[in-house]
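Okay, thanks for coming, everyone. Let me put the next one up on the screen and then talk you through it.

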Amino acid sequence: MPPAPLLDLDRVSIRHEGAEVATPVDVSFEVARGEVVLILGPSGCGKSTLTLALDGLVPHAVPAALEGTVRVAGLDTSEHPVGVLSEHVAMVFQDPDAQIVTGTVLDEVCFAPENQLVEASEVLERAERALKLVGLWDRRAENPDTLSGGGRQRLAIACALAMAAPVLVLDEPTANLDPAGIDEVYAVLRELASVRDHAVVLVEHNLDAAVDLVDRVIVLDAGGRLVIDGPAREVLRERADELVALGVWLPVSTLAAMRLRDAGIVLDPLPLTPSELAEALDALPSLPAPLSASSPVRSTALSPRPTLSMGPGTGSTGAIAVIGETAIRARDLSVRRGGRRGPIVVEGVDLDVTAGDFLAIVGTNGAGKTSLLQALAGVIPAPRGTVDVLGVDPARCAARERARRIGFVFQNPEHQFIAPTVAEELAQGLHLQGVSEADAEPRVEAMLARFGLESLRGQHPFLLSGGQKRRLSVGTALIAGAPVLALDEPTFGQDRARASELLDMLRTLNDDGTTVLVVTHDLQLVADYASHIAVMDSGRLLGVGPTVEVLAGPLVEQAGLRHPPLARATRGLARHTAWHSVTRMSQLPVSSKASS
Amino acid sequence: MTAAGEGGAVFPELGAAPVDGSEPHAASAALDPFAEHRTQRPSRFLYALNPLAKLAAPVPVMVVVMFSRGIALPLAFIVFAAAVLLIGARLSGRAIAALLLGIPVVALVLGVTFGVWIDPSSVADHPEASITLISIGDWDFTLAAYLVGFATGLRILAILLLSLIAGITSTGTEFVRSMVQNLRVPYRLGYTALAALRFVPRFGHELEIIRAAHRVRGTDVGRGPVAAVRRSLGYIVPLLASAIRHAERVALAMDARAFGAHRTRTERHLSPWRVRDTVFVACFLAVSVVIAVLTWGR
């Protein structure tokens with residue numbers, strides 16, 4: 001008997017309550033056992049909403065209207081409650097913290113089968129099998145809070161496996177994880193995919209991690225319509241230009257190859273992984289010399305099309321900072337968390353940041369990156385005399401003095417909003433400086449215009465979109481004229497489109513002379529955008545230097561990080577030793593046409 | 001079948017890591033509402049009892065203590081409760097020291113702190129009122145006031161120790177489990193409450209970040225209670241926004257895992273009311289009645 005498809009979607013449209021248009025629209029596809037399907041699409045196309053429809057959360061638990069039919073193992077989801085459908089479809093969500101409900105790892109895995117009234121002995125059997133598969137069986141008695149982010153997400157996968165459902169749906173399972181956590185989760189998924197016992201439906205924007213385990217790709221366009229449904233490798237290789245035009249992010253290696261193709265170096269077929277890229281490059285008898293890292297050509301994994309930079313900063317960034325002089329100086333900086341007896345999270349850091357730099361602080365989770373940044377910006381107090389930001393100790397000077405020198409942007413911009421409208425949010429920083437109402441007005445207007453928020457001046461900050469919130473939070477940090485901007489994990493949990501928007505904005509600010517400090521996990525972003533890198537490990541600063549030098553050296557691996565995809569491809573080239581230092585997209589050769 | 005492949009092939013290094021399964025995070029166990037007492041259970045009798053029995057027996061006694069007067073009755077119950085804990089629970093050396101040495105010291109100190117709040121005229125007819133311990137200006141701290149304060153302190157300590165009988169020998173999970181199984185509390189309510197316990201530390205952490213973020217914006221100008229209230233109001237919106245979002249996500253995750261799909265759920269741990277629970281409650285109450293009768297009004 002030919003088995004019915006595990007998932008069968010027929011002309012599915014979903015409109016959220018209050019939304020004017022439906023996304024996704026008119027989507028039809030089937031998924032059979034053993035398939036690993038990746039759903040791609042630009043942000044806002046309804047990928048996540050679609051995953052919620054696969055186990056009946058739409059329309060049963062989420063206020064949204066569903067048209068068309070979704071069949072799970074032959075059951076129409078609109079007619080069966082989520083509890084019944086959960087026997088066939090298990091879900092893993094983006095935020096590992098929001099999926100944990102019990103007190104121990106073992107109880108957590110048993111939670112779903114217990115709800116399904118599975119016999120107690122079988123519950124334990126399933127739990128043991130699932131926990132062993134994800135490598136958490138030995139930690140079953142622990143509180144899930146003691147696991148790392150990657151560990152908690154592996155736990156979420158174990159919980160899904162314990163439901164014994166043939167379909168596993170994962171919605172951006174690694175978006176909140178650091179590189180080590182991403183690797184852990186994909187090691188588990190690779191194991192699952194290799195056995196082909198499940199149908200796996202995956203939404204993921206980090207294609208570099210996912211590309212080698214998916215068989216099939218379904219692509220939605222910005223309006224939520226299904227435009228491509230086909231085998232993964234063929235689609236990514238042969239329709240790469242179409243995907244880029246749709247706003248879908250491709251693996252860094254593929255984007256690099258497309259850049260090379262534009263410059264006249266054709267790699268066919270397009271490589272999807274760093275090792276494929278390395279192989280294809282080594283197959284070529286000769287390559288033009290790469291550009292130097294300081295060339296004016298601008299190109300990144302987020303916006304690969306090469307452009308010319310505007311040139312260096314003007315050198316005048318207000319009276320306080322002068323390009324080329326030291327903006328931030330830290331000497332023997334140590335920080336404890338949670339008071340005098342708390343653990344030391346930053347130890348003996350000496351760091352100078354020159355005005356006009358774009359410094360990225362990198363390291364694994366718990367390396368002390370955020371604490372260092374917060375201490376430099378005066379958010380948490382550092383010992384007296386260890387930090388100097390443009391002539392003041394940021395933790396001890398008045399708020400208005402600090403705000404004129406350094407602006408700090410928290411990971412979640414909402415945390416920083418204090419006023420009922422966008423305009424007042426910006427004006428607040430000027431009131432703190434004692435600027436009169438009349439003088440503040442034009443500066444607020446200028447800031448609204450600079451960040452494209454003019455039409456939203458009367459809006460409540462919490463009602464802005466994610467990207468607008470982020471822009472507003474940067475605006476509030478800069479309005480007092482701070483020449484230094486510090487951002488904590490600005491791209492965490494965001495899709496690439498938003499990350500790109502934000503980083504391009506930071507680069508523009510940096511071009512205009514603003515000194516930028518960021519803490520981030522994403523080393524390809526670091527490679528593409530930062531002028532300098534500081535590498536942290538276990539609270540200590542392993543080293544700091546120009547991006548190209550740090551990425552070419554051993555520090556990244558010493559800190560337990562992996563090189564970014566492009567560096568991984570070029571490091572091992574046998575034929576083209578001149579390319580070993582190529583780590584950023586902007587170093588790839590450009591055609592004479594583009595560079596002129 | 002669900003799980004593909006047997007055994008922990010994916011993370012051998014984690015499997016090899018020595019994990020002390022007997023007492024994970026012993027230091028934080030007292031603060032962790034979820035921590036299991038699994039390993040201690042066989043050794044002392046309190047762990048073998050139904051959590052409801054450990055609650056049901058002391059509660060009437062607490063009521064009696066609350067309405068008692070004098071020193072003898074709460075003192076007797078402190079000794080009784082401490083004895084039950086020492087025999088029935090496995091306490092660390094530190095906890096035993098706190099019980100034997102800390103309690104008397106705290107009782108003596110509480111006598112002073114409560115005593116100074118006593119209106120001297122209300123104890124003027126006591127014989128001890130004539131004995132003045134300390135005299136500051138025209139205010140006298142009399143022995144009578146001290147004894148009334150001391151009695152109040154003892155009552156509080158007695159109630160505290162009686163509640164510890166259940167409190168330190170059962171976990172939040174065990175309480176919910178026995179309430180669901182024995183008192184027919186709907187499991188949806190019980191387990192949701194348990195899930196909500198996880199929110200508390202999360203929101204504490206979130207509040208800390210919000211406060212730092214607002215400080216950075218310069219909202220810490222102004223001192224005094226008015227500014228403090230205004231500041232706190234500013235924390236509410238971001239905290240609520242993230243709380244609602246988080247709660248929605250948790251609810252979706254629980255729905256997706258069939259929570260509430262059936263009227264009951266499988267219980268891996270049975271928490272029946274056994275004969276020994278009845279015996280414990282009966283004996284506990286019998287001893288309590290004897291103590292109360294002997295010491296009432298003294």
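I'll go through chain A, then chain B, then the place where the two meet.

First, a caveat: this is a predicted model, so everything I quote is computed from that.

Let's start with how chain A is carved up. The assignment splits it into domain 1 (1-88 + 166-180 + 193-249), domain 2 (97-164), domain 3 (252-301 + 587-595), domain 4 (311-397 + 485-498 + 515-557) and domain 5 (406-481). As you can see, domain 3 is written as two stretches and domain 4 as three.

What about domains 3 and 4 of chain A, how far apart are their centres? Going by C-alpha atoms, it's 31 Å. They do touch: domain 3 of chain A puts in 4 residues and domain 4 of chain A puts in 5 residues. On the domain 3 side, that's 3 nonpolar, 1 polar and no charged.

Now the annotation. An unreviewed UniProt entry puts "domain: ABC transporter" on chain A at residues 7-248 and 328-563. Here's what those spans look like in the model. Residues 7-248 of chain A come out at 37% helix and 23% strand, with 24 Å between the end C-alpha atoms. For residues 328-563 of chain A, it's 36% helix and 23% strand, and the end C-alpha atoms sit 27 Å apart.

One bit of chain A to zoom in on is a sheet. It's an open one with 3 strands, in the order β14-β13-β16, and the pairing is antiparallel. β14 (344-354) and β16 (387-389) of chain A are the edge strands, so to speak, each pairing on one side only. From one strand to the next, the twist averages 15 degrees. If you want to find the β13 to β16 pairing in chain A, β13 covers residues 326-336 and is joined to β16 by 3 bridges. One pair to click on is A:Ala330, whose bridge partner in β16(A) is A:Val387.

Okay, chain B. Here we've got 11 helices and 2 strands. Reading along the sequence, the pattern is α-α-α-α-α-β-β-α-α-α-α-α-α. Chain B has 298 residues, and 30% of them count as buried. If you take contacts in chain B with a separation of 6 or more, 74% of them are between residues 24 or more positions apart.

UniProt, again from an unreviewed entry, lists "transmembrane region" on chain B at residues 45-65, 71-89, 96-118, 143-169 and 278-297. I'll pick out two of those. Residues 71-89 of chain B are 89% helix and 0% strand, with the end C-alpha atoms 26 Å apart. Residues 96-118 of chain B are 87% helix and 0% strand, and there the ends are 32 Å apart by C-alpha.

As for domains, chain B gets domain 1 (43-170 + 269-295) and domain 2 (187-256). Their C-alpha centres lie 36 Å apart.

Last stop, the contact between the chains. Which elements of chain B supply at least two residues each to the side that touches chain A? They are α1 (12-16), α9 (199-216) and α10 (224-256). The largest share there is from α10(B), with 13 residues. Overall, the contact takes 54 residues from chain B and 67 residues from chain A. The chain B side divides into 27 nonpolar, 17 polar and 10 charged.

That's my tour. Happy to spin the model around if anyone wants another look.

Note on methods. Residues are numbered from 1 along each chain as its sequence is written. Chains are lettered from A and ligands numbered from 1 in the order in which they are written. This is a predicted model: local features need pLDDT of at least 70, side-chain atom pairs count only at pLDDT 80 or more; totals for chains, interfaces and linings use all residues. UniProt positions are given in the numbering used here, feature names are shortened, and annotations may be inferred rather than shown by experiment. Helices (H or I, at least four residues) and strands (E, at least two) are DSSP runs, numbered from the N terminus. Two strands pair if DSSP finds at least two bridges between them. Axes are lines fitted to C-alpha atoms, for helices over the stretch in contact, and angles run from 0 to 180 degrees between N-to-C directions. A residue is buried if 20 or more other C-beta atoms lie within 10 Å of its own, exposed if 12 or fewer, and partly exposed in between; C-beta atoms are placed from the backbone. Two residues are in contact if their C-beta atoms, placed from the backbone, lie within 7 Å. Ala, Val, Leu, Ile, Met, Phe, Trp, Tyr, Cys and Pro count as nonpolar, Asp, Glu, Lys and Arg as charged, and the others, Gly among them, as polar. Domain bounds come from an automatic or database domain assignment.
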